[in-house]
Each structure stands twice: as structure tokens, then as C-alpha cells.
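Hi,

Here is the structure I promised to send over. Have a look at it first, and then read on for what turned up when I went through it.

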Amino acid sequence: MSSNESAATAGRVEKIATTPDWYAPYRISQAVRAGGLVYVSGQAGFEEDGTTVEGGFLAQGRQAFRNVGRVLEAAGLDFADVIKVGIFVRDMATNLPHVITLRGEFLAEPYPADTLVEVVSLARPDWQIEVEVIALDRSAA
């Protein structure tokens, strides 16, 4: 890529989506690629059809991370490219050990930077966890 091409694409924002794009009706991009990074919107523990997975916090957390993984894959990336994670939970005291379990199942050394926040509610009352990430797009270098 020439320096002129790099300059031209540096300011461009590209939408990333899976099929089906479960966020399209809400006018939200599942992810965007910009400036050498991919920003993945928060993903919760729901199936492609929008139904919340059953089985409690860990089941929802695993599905949320799988949803993040699907969006990363659509961008040509995976969890090894993740440099920042944001995790939003409804009950920190009960679920902190589960969050640590999920980090171990989906993330590896060097672990990404992470923000963990307890929230009063998420977009749907049955959601217990939401996960967002920022990933480094190594092909943009």
C-alpha cells in the first residue's frame, strides 16, 4: 500500500457485520474498523434469533464471548488480536469469580487491558452480562 493509500484509508470507517446482523434493526454497527483498530459493540448472551440463552451467568457469558468471537471473525480477527475488553455485569459480588473463569476461557497472555463495571441494568432485563472489545487490526499496519 502506498503512502497515499494509507492516508486515504486512515480516516475511513468500515462497518463490520455478521450474517444475520442482529444489530441492524437498532441502527448499531456490530463493529467498526478505523485507524488500525476494530471496535466491537457490546455483545450479550443471546442467540442469532435474539433469544437470551438459558443457564445463568456463565451460559450467558460464554454466549456473549462467542458473539464477540463471531464479530471478530467477520473482521478477519480473533481473540489474540484483542487489546482492550469492557465487561458489564449486573451482580459483581456474585459473578466476579465467573468473570475470571470467562477471561481464562476466551483470553490468553498477554491479557488485554480490561474494565469491569457493575451496572443496574442492560438493554434487556434478562441479560446479566455484556462484553465489548477493541482489537488491533494487524493488516492495517
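Of the 141 residues in the protein, 38% count as buried. Keep in mind that this is a predicted model. The exposed surface comes to about 7700 Å², and carbon and sulfur atoms supply 55% of it.

On overall shape, the C-alpha atoms fill a box of roughly 50 × 35 × 20 Å along the principal axes. The radius of gyration is 16 Å, which agrees with the value near 14 Å that a compact globule of 141 residues would have. As for charge, there are 12 positive and 19 negative side chains, and the centres of the two sets lie 3 Å apart.

The protein has three helices and six strands. Going along the sequence, they follow the pattern α-β-β-β-α-β-α-β-β. If you take the contacts between residues at least 6 apart in sequence, 66% of them join residues at least 24 apart.

Now for the part I'd zoom in on: Gln30. You'll find Gln30 in the loop between strand E1 (14-16) and strand E2 (31-34). Is Gln30 buried or exposed? Its relative accessible area is 0%, so Gln30 counts as buried. A polar atom of the Gln30 side chain lies 2.6 Å from the backbone nitrogen of Thr18. Leaving out residues up to four places away in sequence, Gln30 touches a long list of residues: Ile16, Ala17, Thr18, Pro20, Asp21, Trp22, Tyr23, Tyr39, Val40, Ser41, Gln43 and Val71.

The last name on that list, Val71, sits in helix H2. Val71 has a relative accessibility of 1%, so it counts as buried. With neighbours within four places left aside, Val71 is in contact with Ile16, Thr18, Trp22, Gln30, Ala31, Val40 and Gln43. Take Ala31 as an example: Val71 and Ala31 are 40 residues apart in sequence, but their C-alpha atoms are 7.0 Å apart in space.

Two more residues of helix H2 are worth a click. Asn67 lies in that helix and counts as buried, at 3% relative accessibility. Beyond residues up to four places away in sequence, Asn67 touches Trp22, Gln43, Ala44 and Phe46. Trp22 and Gln43 also appear among the contacts of Val71 and among those of Gln30, so you can use them to find your way around this part of the model.

The other one is Glu73, in helix H2 (residues 57-74). Glu73 counts as exposed because its relative accessibility is 62%. Which distance separates Glu73 from Thr18 in space? It is 8.7 Å, C-alpha to C-alpha, although the two are 55 residues apart in sequence.

Back in strand E1, have a look at Lys15. The Lys15 side chain makes a polar contact of 3.5 Å with the side chain of Asp21. Apart from residues up to four places away in sequence, Lys15 touches Asp21, Ser29, Ala31 and Val32. Lys15 and Val32 are 17 residues apart in sequence, and their C-alpha atoms are 4.6 Å apart.

Finally, some backbone oddities. Most residues other than glycine have a negative phi, and most peptide bonds are trans. Against that background, three places caught my eye:

- The peptide bond from Thr19 to Pro20 is cis, with omega near 0°. Pro20 is in the loop between E1 and E2, and Pro20 is one of the residues that Gln30 touches.
- The peptide bond from Glu109 to Pro110 is also cis, with omega near -10°. Pro110 lies in the loop between helix H3 (92-106) and strand E5 (113-118).
- Arg27 is not a glycine, yet its phi is positive, near 60°. Arg27 is found in the loop between E1 and E2, and at 82% relative accessibility it counts as exposed.

So the loop between E1 and E2 holds buried Gln30 as well as exposed Arg27. If you open just one view, I'd start with that loop.

Cheers

Notes
Residues are numbered from 1 along each chain as its sequence is written. This is a predicted model: local features need pLDDT of at least 70, side-chain atom pairs count only at pLDDT 80 or more; totals for chains, interfaces and linings use all residues. Side-chain values use heavy atoms; hydrogens and water are left out. Helices (H or I, at least four residues) and strands (E, at least two) are DSSP runs, numbered from the N terminus. The radius of gyration is taken over C-alpha atoms; the globule rule is 2.2 Å times the number of residues to the power 0.38. Buried means under 20% relative accessible area, exposed over 50%, partly exposed in between (1.4 Å probe, protein chains only). Contact means heavy atoms within 4.5 Å. Accessible areas come from the Shrake-Rupley method with a 1.4 Å probe; for residues, only the protein chains shown count as cover. Lys and Arg count as positive and Asp and Glu as negative; His and the chain ends are not counted. The place of a charge is taken as NZ of Lys, CZ of Arg, CG of Asp or CD of Glu. A polar contact is a pair of N or O atoms within 3.5 Å; within protein, one must be able to donate a hydrogen and the other to accept it, and residues adjacent in sequence count only if both atoms are side-chain atoms.
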